[in-house]
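I opened my notebook for this one and kept the entries short. Here is what I looked up, in the order I went.

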Amino acid sequence: STTGYTMDPVDLKTKIKSSGAKFCMISHMRGKIADMDEIKSICDAEGVMLLEDCAHSIGVRFGKGTASCPHTGHHGVASAISSQSY
């Protein structure tokens, strides 16, 4: 998206349709969460498995940040925390 460097759901839908993708890996960047409700809806409708990279969103919650709101990593079939060596 134009705010926060996360995936734009409209762009994702176009890319899934044009590529025939079977998996989609979404990265949350710098504590900014991708629009996971919309992205999950697109992936479900297209039969694409959703994966989340949560390295930049450890401890971040959806919604108002209350204990009842899930952390990132709960929307896809799997989640991971990537790492880089500098």
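Which residue of strand 3 does Asp53 stand opposite? I looked it up, and Asp53 faces Ala80. A reminder to myself: this is a predicted model.

**Entry 1: the chain as a whole**

I found 2 helices and 3 strands in the chain. Read from the N terminus, the elements come in the order α-β-α-β-β. I also checked burial, and 28% of the 86 residues count as buried. Then I looked at contacts between residues at least 6 apart in sequence: 65% of these join residues at least 24 apart.

**Entry 2: the sheet**

Next I traced the sheet. Its 3 strands form an open sheet, ordered 1-2-3, with parallel pairing. Strand 1 (23-27) and strand 3 (78-80) are the edge strands, each pairing on one side only. From one strand to the next, I noted an average twist of 25°. I then went back to the pair I began with: strand 2 (residues 49-53) pairs with strand 3 over 3 bridges, in the parallel sense.

**Entry 3: helix 2 on the sheet**

Which strands does helix 2 touch? Helix 2 (residues 36-46) packs on the sheet and touches strand 1 and strand 2. Its direction makes about 150° with that of strand 2.

I listed the buried residues of helix 2 as Met36, Ile39, Ile42 and Cys43. Looking down the axis of helix 2, I saw that these buried residues fall within an arc of 125°, so they line one face of the helix. On the other side of helix 2, Asp37, Asp44 and Ala45 are exposed. I also asked what covers the buried residues of helix 2, and the cover includes helix 1 (9-19), strand 1 and strand 2. Just past the end, I noted that Gly47 follows helix 2 and has a positive phi, near 70°.

**Entry 4: the two helices together**

For a helix pair, I write down two things: the angle between the axes and the distance between them. At what angle do the axes of helix 1 and helix 2 cross? They cross at roughly 15° and come within 10 Å. Angles under 35 degrees count as roughly parallel, so helix 1 is roughly parallel to helix 2. I noted the crossing of helix 1 and helix 2 as right-handed.

Last, I wrote down who makes the contact. From helix 1 I have Pro9, Leu12, Lys13, Ile16 and Lys17. From helix 2 I have Glu38, Ile39, Ile42, Cys43 and Glu46. Ile39, Ile42 and Cys43 were already in my list of buried residues of helix 2.

Technical notes. Residues are numbered from 1 along each chain as its sequence is written. This is a predicted model: local features need pLDDT of at least 70, side-chain atom pairs count only at pLDDT 80 or more; totals for chains, interfaces and linings use all residues. Side-chain values use heavy atoms; hydrogens and water are left out. Two strands pair if DSSP finds at least two bridges between them. Helices (H or I, at least four residues) and strands (E, at least two) are DSSP runs, numbered from the N terminus. Axes are lines fitted to C-alpha atoms, for helices over the stretch in contact, and angles run from 0 to 180 degrees between N-to-C directions. Contact means heavy atoms within 4.5 Å. Buried means under 20% relative accessible area, exposed over 50%, partly exposed in between (1.4 Å probe, protein chains only). The arc is that of the directions from the helix axis to the C-beta atoms. Angles under 35 degrees count as roughly parallel, over 145 as roughly antiparallel, 65 to 115 as roughly perpendicular and the rest as oblique. A crossing is left-handed if the near helix is turned anticlockwise from the far one by less than a right angle, and right-handed if clockwise.
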